[in-house]
Amino acid sequence: MEKKFDVLFLPEAVKFMNGLDKKAQEKIYYNIRKAQITNDPVLFKKLTPNIWEFRTLHNQASYRLFAFWDKTKNTIVLTTHGLVKKTAKTPKTDIEKAEKIRLQYFNQKK
């Protein structure tokens, strides 16, 4: 199957991933690759008009990587940062942080 988009990890997302154990990293990368070829809201869910999240459940922990789309040249999804989710509700502060990073990205791109 063909990928629908590429994924680029911004510095905070790289730092988050590097802080995880190898098995959790592998599962997250596997789910991201799967999300690139399928439309599955369990793996890649829209949170706001601009912010999405990659979702992974591994060893009873919920991992989230926040992301946004850049469709200006090639279709790219940029991951902003991640968290290990402890409650059912996604923290509003993390959605706001992802939006702030998105705005900074597009302002620097001009």
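Read from its beginning to its end, the protein runs through the pattern β-α-α-β-β-β-β-α, which amounts to 3 helices and 5 strands; here helices (H or I, at least four residues) and strands (E, at least two) are DSSP runs, numbered from the N terminus. The radius of gyration is 13 Å, close to the 13 Å that the globule rule gives for 110 residues, so the protein is as compact as a globular protein of that length. That radius is taken over C-alpha atoms, and the globule rule is 2.2 Å times the number of residues to the power 0.38.

The model is a predicted one, in which local features need pLDDT of at least 70 and side-chain atom pairs count only at pLDDT 80 or more, while totals for chains, interfaces and linings use all residues. Residues are numbered from 1 along each chain as its sequence is written, and side-chain values use heavy atoms, with hydrogens and water left out.

Along its principal axes, the C-alpha trace spans about 40 × 35 × 25 Å. Of the 110 residues, 42% count as buried, where buried means under 20% relative accessible area, exposed means over 50%, and partly exposed lies in between (1.4 Å probe, protein chains only). Contacts, meaning heavy atoms within 4.5 Å, also tell us about the fold: among those with a separation of 6 or more, 50% come from residues 24 or more positions apart.

We can now turn to single residues, beginning with Asp70, which lies in strand β4 (residues 61-70). With a relative accessibility of 1%, Asp70 counts as buried. Its side chain makes polar contacts with the side chain of Thr72, at 2.6 Å, and with the side chain of Tyr105, at 2.5 Å. A polar contact is a pair of N or O atoms within 3.5 Å; within protein, one must be able to donate a hydrogen and the other to accept it, and residues adjacent in sequence count only if both atoms are side-chain atoms. When neighbours within four places in sequence are left aside, Asp70 is in contact with Thr75, Ile76, Leu78, Tyr105, Phe106 and Lys109.

A contrasting setting is the loop between β3 (52-58) and β4, where Asn59 is found and where Gln60 is found as well. Asn59 is exposed, with a relative accessible area of 69%, and Gln60 likewise counts as exposed, at 84% relative accessibility. The backbone angle phi is near 50° in Asn59, a positive value in a residue other than glycine, and phi of Gln60 is near 65°, again a positive value in a residue other than glycine. Although Asn59 and Thr72 are 13 residues apart in sequence, their C-alpha atoms are 37 Å apart in space.

The last stop is Thr90, in the loop between β5 (76-85) and α3 (92-109). Is this loop residue buried or exposed? Thr90 is buried, with a relative accessible area of 17%. Not counting residues up to four places away in sequence, Thr90 touches Leu47, Glu53, Phe66, Lys85 and Ile95, and with one of these, Lys85, there is a polar contact between the two side chains at 3.2 Å. The C-alpha atoms of Thr90 and Pro41, which are 49 residues apart along the chain, are separated by 15 Å.
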